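Please open the model in your viewer and keep the selection panel at hand. The tour below moves from one selection to the next and says what is found at each stop.

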Amino acid sequence: MAYIEINNIHHSFGNLEVLKGVNMKIEQNSFVTIMGKSGAGKTTLLQVVGTLLTPTSGQVIIDNTDVFKLKDKQLAAFRNRHIGFIFQFHQLLAEFTALENIMMPALIAKTNYRQAQQRAKELLDRMQLSERLEHKPSELSGGEKQRVAVCRALMMNPSVILADEPSGSLDSQNKKELHKLLLDVKQQFKQTIIVVTHDEELAKISDKVYMMQDGVVK
Ligand SMILES: Nc1ncnc2c1ncn2[C@@H]1O[C@H](COP(=O)(O)OP(=O)(O)OP(=O)(O)O)[C@@H](O)[C@H]1O
Ligand SMILES: [Mg+2]
């Protein structure tokens, strides 16, 4: 059985059927990209896999858990522990420092504060951001913000990291660095990563490229 199984996912917004039977099997520690034109349903699919959106029908199994069978509270806890998100515009909390932003998933899970702080510091260290712990997002560069967002996604050592156009708001240098970072994350942290991207370069370095078209992936 694959680490993540996406079985016959359908999703409609009103009369608009966006996902028309999506099937994917993703192995552990693989790095897959999903491409496809604007409006194809990539973000919708990623939200379903991230359990943020319950599909009209179909099944998502992550690390042996049939996620949409979970009750609301269990699902929220599952998401917090097993899924790390990286968004196009980082979505860091403006009022909090880099360190606090990274700790946030652990604080939500009510894990030990000191341990969380220790892990967040180690992650920042590995991303060469030790000098920026106390900086708020507005006091970080675009690339730094995105690295902080990667640390936050890694905080709980999740089963899978989902990224929706993570380099979409970066210049070409920072884009390259972020791509390298995602590869490092796969290699060093043994993460399973699913990235939606319009970037051919990123697709080229991934283990598998899926194309989303006409409501299905191929
Ligand atoms: N909440 C919603 N309500 C109604 N329609 C929606 C909703 N969210 C998305 N859609 C529609 O579903 C389709 C797929 O949207 P989605 O955001 O998944 O596309 P995408 O592949 O991520 O596109 P892009 O590359 O531009 O980000 C679009 O036509 C969009 O207008
Ligand atoms: Mg999108």
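Select strand β8 in this predicted model, residues 192-196, and colour its two sides separately: T192, I194 and V196 lie on one side and I193 and V195 on the other, and they are all buried, so that both faces of the strand are covered. Counted along the strand, five of its five residues are buried.

Keep β8 in view and add the strands that pair with it. Strand β3, residues 31-35, runs parallel to β8 and is joined to it over four bridges, with V32 standing opposite I194. Strand β7 also pairs with β8 in the parallel sense, over five bridges; here V160 stands opposite T192, and A163 stands opposite V195.

Now widen the selection to the whole sheet. It is an open sheet of six strands in the order β6-β7-β8-β3-β9-β10, and its pairing is mixed. At the edges are β6 and β10, the latter covering residues 216-217, and each of these pairs on one side only.

From the end of β7, step to E165, which is placed in the loop between β7 (160-164) and α6 (172-189). Its phi is near 45°, a positive value in a residue other than glycine. As background, most residues other than glycine have a negative phi. Is E165 buried or exposed? With 20 other C-beta atoms within 10 Å, E165 is buried.

Next, select helix α5, residues 142-154. The helix has 13 residues and reaches 19 Å from its first C-alpha to its last, which is close to the 18 Å expected at 1.5 Å a residue. Ten of the 13 residues are buried, so α5 is largely enclosed by the rest of the structure. To see which ones these are, highlight K145, Q146, R147, V148, A149, V150, C151, R152, A153 and L154. If you then show the elements that cover these buried residues, you will find among them β6 (83-86), α3 (98-108), α4 (113-126), β7 and α6.

Stay in this region for the largest nonpolar core, which has 58 residues; those that touch the most other members are I102, A120, L124, C151, M155 and L162. Helix α5 gives the most to this core, with six residues. One of the well-connected members, M155, makes a good centre for the view: leaving aside its neighbours within four places in sequence, M155 is in contact with I102, M103, P105, A106, R119, A120 and L123.

Move now to the other sheet on this tour. Four strands form an open sheet in the order β2-β1-β4-β5, with antiparallel pairing. Strands β2 (16-26) and β5 (65-66) stand at the edges and each has a single partner strand, so one side of each is left without a neighbour in the sheet. Select β1, residues 4-13, together with β2, and you will see two antiparallel strands joined by eight bridges, with I9 of β1 opposite V22 in β2.

Two further residues of β1 deserve a stop. The first of these stops is E5, which lies in strand β1 and is partly exposed, with 16 other C-beta atoms within 10 Å. Leaving aside its neighbours within four places in sequence, E5 is in contact with K25 and I61. The C-alpha atoms of E5 and T65 are separated by 9.9 Å, although these two residues are 60 residues apart along the chain.

The next stop is N8, also found in strand β1. The phi of N8 is near 50°, which is a positive value in a residue other than glycine. N8 counts as partly exposed, with 13 C-beta neighbours inside 10 Å.

Finish at ligand 1. Which residues are around ligand 1? Select F13, L16, V18, G36, S38, G39, A40, G41, K42, T43 and T44 to display them. The elements that give two or more residues to this shell are β2 and α1 (42-49), and α1 gives the most, with three residues. Coloured by class, the shell shows four nonpolar, six polar and one charged residues.

Note on methods:
Residues numbered from 1 in each chain as written. Chains lettered and ligands numbered in written order. Predicted model: local features only at pLDDT ≥ 70, side-chain atom pairs only at ≥ 80, totals over all residues. Pairing = 2+ DSSP bridges. Core = buried A, V, L, I, M, F, W, Y, C linked by C-beta atoms within 7 Å. Buried ≥ 20, exposed ≤ 12 C-beta atoms within 10 Å, placed from the backbone. Contact = placed C-beta atoms within 7 Å. Near = placed C-beta within 6 Å. Nonpolar A, V, L, I, M, F, W, Y, C, P; charged D, E, K, R; others polar. Expected span 1.5 Å × (residues − 1).
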